[in-house]
Amino acid sequence: MHTTQLTQKLALPVIGAPLFIISNPKLVIAQCKAGIVGSMPSLNARPLSQLDEWLAEITETLASYNQEHPERPAAPFAVNQIVHKSNERLEADMELCIKYKVPIYITSLGAKEEVFDLAHSYGAIVFHDVISNHFAKKAIAKGADGIVAVASGAGGHAGSKSPFALVQEIREWFDGPLALSGAIAHGGAVLAAQAMGADFAYIGSAFIATDEARASPEYKQAIVDANSDDIIYSSLFTGVLGNYLAQSIKNSGLDPYNLPTGDPKTMNFSNGLKKAWKDIWGCGQGVGMVKKVVPVSELIERLKVEYEAAKLKITAS
């Protein structure tokens with residue numbers, strides 16, 4: 001599936017980012033039905049047997065939907081695999097994904113040729129997320145098909161590079177599928193990502209504040225209430241730099257503006273009471289565009305309207 005083929009399957013050039021803990025079949029299915037790539041981390045399904053159930057639910061539901069709506073079939077879905085040595089489930093998770101012929105993979109925290117080869121064995125494509133041009137080159141050299149450029153402002157684990165610099169450097173040598181991640185929560189920003197040279201916008205935080213997301217009501221409301229001033233960039237919670245909601249850090253008993261540096265070996269911070277992702281909430285800088293909790297379909301419809309309005313504005317000027 002090349003860039004053009006994937007784009008033709010979408011109502012909007014958007015990939016829903018896999019949200020740790022939050023993404024589940026309900027969210028993925030709603031995203032795909034609304035015309036964007038829905039995704040989830042395989043590790044959200046616990047225990048392993050639940051991943052089998054979830055993949056069956058997603059594939060069967062989307063297949064049924066496509067039979068009923070041949071004129072507008074659902075977008076394909078993706079599964080995120082954490083290729084870090086701490087992930088002891090990687091091999092077993094890949095076996096299940098192959099069983100259900102997952103069409104798209106998003107790999108993180110390590111580029112591994114064996115994973116790419118397994119995906120390619122039946123025609124799936126793999127996006128690898130990176131925070132620099134250096135890591136993008138390594139991923140493509142090892143066999144990744146596409147890149148998710150994680151720029152500054154992205155929710156959760158995020159880079160520090162300007163999206164302008166990151167996309168431009170990658171596009172100097174790579175003409176394959178490229179998604180841009182970083183503070184995108186408006187249809188105009190989706191168009192801007194394309195104008196810079198990306199094929200897709202990669203959106204995560206805005207989907208936390210949706211009816212289908214598996215996030216607590218408090219987390220969803222915190223997304224609605226926050227803006228970019230409320231986002232803290234820290235390595236404390238997992239050992240890797242990422243963006244988090246200041247309010248959740250305060251709730252954990254820590255000063256969000258005076259945090260120590262994290263240990264890259266941890267990946268599972270806990271201060272005894274609060275844990276990363278569950279209690280320390282990831283969120284990107286684009287959160288100011290999220291005004292209320294809505295169904296996924298309504299959010300994507302808003303993005304589509306804004307996207308078309310932005311195109312008209314450019315044409316008119």
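**Exercise 1: aromatic pairs**

Find out how many aromatic pairs the structure holds, then sort W173–F174 and Y219–W281 by type.

*Step 1.* Count first: there are 4 aromatic pairs. Rings of Phe, Tyr and Trp (for Trp, its six-membered ring) pair if their centres lie within 6.5 Å; planes under 30 degrees apart are stacked, over 60 edge-to-face, and the rest tilted. Before going on, note that this is a predicted model: local features need pLDDT of at least 70, side-chain atom pairs count only at pLDDT 80 or more, and totals for chains, interfaces and linings use all residues. Residues are numbered from 1 along each chain as its sequence is written, and side-chain values use heavy atoms, with hydrogens and water left out.

*Step 2.* Take W173 and F174: their centres are 5.5 Å apart and their planes make 45 degrees, and the pair is tilted.

*Step 3.* Now Y219 and W281: with centres 4.8 Å apart and planes at 10 degrees, this pair is stacked. Y219 sits in helix α9 (residues 217-225) and W281 in the loop between α10 (246-251) and α11 (296-316), so the pair ties together parts that are 62 residues apart in sequence. Helices here are DSSP runs (H or I, at least four residues), as are strands (E, at least two), numbered from the N terminus.

*Step 4.* Check the surroundings. Buried means under 20% relative accessible area, exposed over 50%, and partly exposed in between (1.4 Å probe, protein chains only). W173 comes out at 32%, partly exposed, while F174 is buried at 8%. Y219 and W281 are both buried.

**Exercise 2: a small sheet**

Work out the strand order of the open sheet of 3 strands, and which strands are at its edges.

*Step 1.* The order is β7-β11-β10, with antiparallel pairing. Two strands pair if DSSP finds at least two bridges between them.

*Step 2.* β7 (156-157) and β10 (231-234) are the edge strands, since each pairs on one side only.

*Step 3.* Zoom in on β7: 2 bridges join it to β11 (residues 242-245), antiparallel. For G156, the bridge partner in β11 is N243.

**Exercise 3: backbone oddities**

Look at the backbone angles of P47, L109 and A183, and place each residue in the chain.

*Step 1.* R46 and P47 are joined by a cis peptide bond, with omega at about 5 degrees. P47 is in the loop between β2 (38-41) and α3 (48-68).

*Step 2.* L109 isn't a glycine, yet its phi is positive, about 55 degrees. You'll find L109 in the loop between β4 (104-108) and α5 (113-120), partly exposed at 29%.

*Step 3.* A183 is another non-glycine with a positive phi, near 65 degrees. Its place is the loop between β8 (178-181) and α8 (187-196), and at 34% A183 is partly exposed.

**Exercise 4: cores and cysteines**

Describe the largest nonpolar core, then count the disulfides.

*Step 1.* A nonpolar core is a set of buried Ala, Val, Leu, Ile, Met, Phe, Trp, Tyr and Cys residues joined through side-chain atoms within 4.5 Å. The largest has 82 residues, and L55, F77, I203, I223 and L245 touch the most other members. α3 gives the largest share, 7 residues.

*Step 2.* A second, separate core of 18 residues includes A75, I104, F127 and A179.

*Step 3.* There are 0 disulfides (pairs of cysteine sulfur atoms within 2.5 Å). Take C32: the closest cysteine sulfur, in C97, is 14 Å away, too far for a bond. C32 is buried at 0%.
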